[in-house]
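User: Hi! I'm new to this structure, could you walk me through it?
Analyst: Happy to, let's bring it up.

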Amino acid sequence: MGTTTEERPADALARAGFWARPAPERDAVFAALRRAGVPQRVGADATAHWALVRHPHVVAASRNPSLFLSGPGVTTPPPARWVRAVFGDSMVNMDDPAHARMRRIVSRAFSPRVLAATEESIHAVAERIADDLARRGADDLMPAVATRMPVEVVCDLMGVPGDERARIVAGVDRTTEGTGTRRRLRVPGRSLRALAGLHRVMARVARERRRAPRDDLVSALVAADVDGRGLTRRELGAFFSLLLVAGVETTRNAIGHGLVLLREHPDQRAILLGDLDGTLPTAVDEIVRIATPIIQFRRTLAADHEVGGREMARGDSVVLYYTSANRDEDVFADPWRVDLRRSPNPHVGFGGGGPHYCLGAHLARQEMTALYGALLRRLPDLRAGTPTYSPSGFDHRIARLPLEAPLP
């Protein structure tokens, strides 16, 4: 695995076109950064940061949220102050005590009854997708399979009417288009208009639940729960936006990458088909490790601190490169090998632990397990074609995934 550049790995990572490079070149840069052993300073402008690329460094930072702050924002660029004032802060951009309060409300709203209904919904959606694919096929597996699964589950969970769901998908795409380095025409204000649209959908559902509560998630979220109240309209909108971006964007990409891995590794496909029930739990985690749907998150140091022999200053930006940590040779034996029975598998595809560990990790695992199971039982010869990727330093997005094998 060699690199085609003579520049220092940290300089290569700082280049504007880095995320458009072929995956082997990017991987070689991160491997060189890991070999350096200590965090490297990347860039010299407003995006300058310390790159945490080793698994133990990413995990240690994740589990020390009082020092590695999520505010003012974990993405690049961070949300503007006026955007946060209008639309509210997403949980991923919060620090305690606001984050702890929000997490308590959300966690309590996921009652056993809500979770049981969600599990039933997940299996029903998976079976419908497999049935529809068997009947009609698909030009692109991303909208037909990978996107449809989390969209239907999240919208069922939040009570979003069926006629709103196509607009929800378009809104999710547009709200993330300004993040990372995706190379495509960006319409000024389009992502904010899409975000406002998502908030309006949730506001309508919340008004209905306040008038006529049901035994569902939104009713619980708007009811008094912690400190005498539930989520405000703005907080509920911010949570819904997060649930859609984190629950749809990341899960659909993980699902798509799993279909690609099964195409590219026929030996692993045979292992999975030979024992679906026994292999799916470890297979899902290995797919998440390889895919790493969220490539990186940013933190800001609350005080001077030393990481791996590097002295860092209060206010410095630190980026947790999950994509590199998930290939750390000191943690994962033969990390470039796809092993659907890999165990243990301490990947950081859902975060490195701590209070910001993904709330939807269990939900994502359920969705992927149910969908792969339904697809491969119904269509064991299903094969994806060659994927088209959308370069980004934020999310590992598959833009298009054709269906290759004919269906019965």
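User: How many cavities of 30 Å³ or more does the count come to?
Analyst: The count comes to one cavity of 30 Å³ or more. A cavity here is a set of points, on a 1 Å grid over the protein atoms alone, where a 1.4 Å probe fits but cannot get out. Points are joined across faces, edges and corners, and the volume is the space filled by probe spheres set on them. Before we go on: this is a predicted model, where local features need pLDDT of at least 70 and side-chain atom pairs count only at pLDDT 80 or more, while totals for chains, interfaces and linings use all residues. Residues are numbered from 1 along each chain as its sequence is written, and side-chain values use heavy atoms, with hydrogens and water left out.

User: What volume does the largest cavity have, and which residues line it?
Analyst: Its volume is about 50 Å³. The lining (residues with an atom within 4 Å of a point) is made up of L141, L259, L262, R263, R269, L376, L382, R383 and A384. By class, six of these are nonpolar, none polar and three charged; Ala and Leu count as nonpolar and Arg as charged.

User: Which helix gives the most to that lining?
Analyst: That's α11, with three residues. Helices are DSSP runs (H or I, at least four residues), numbered from the N terminus.

User: T250 is in α11 too. Buried or exposed?
Analyst: T250 counts as buried because its relative accessibility is 15%. Buried means under 20% relative accessible area, exposed over 50%, and partly exposed in between, using a 1.4 Å probe and protein chains only. Leaving aside neighbours within four places in sequence, T250 is in contact (heavy atoms within 4.5 Å) with V245, P293 and I294.

User: New topic: how many residues does the largest nonpolar core have?
Analyst: It has 45 residues, and M149, L272, M368, L371, Y372 and L401 have the most contacts inside it. Helix α15 (361-378) is among those supplying at least two residues, and α15 gives the most, with ten. A nonpolar core is a set of buried Ala, Val, Leu, Ile, Met, Phe, Trp, Tyr and Cys residues joined through side-chain atoms within 4.5 Å.

User: What does Y372 contact?
Analyst: Outside its neighbours within four places in sequence, Y372 is in contact with A254, I255, G258, L259, L280, V284 and I287.

User: And how many disulfides are there?
Analyst: Zero, where a disulfide would be a pair of cysteine sulfur atoms within 2.5 Å. As for cysteines, C155 counts as buried because its relative accessibility is 0%, whereas C358, at 27%, counts as partly exposed.

How values were computed. On a 1 Å grid over the protein atoms alone, a cavity is a set of points where a 1.4 Å probe fits but cannot get out, and a pocket is an open set with protein on both sides within 12 Å along at least five of seven lines; lining residues have an atom within 4 Å of a point.
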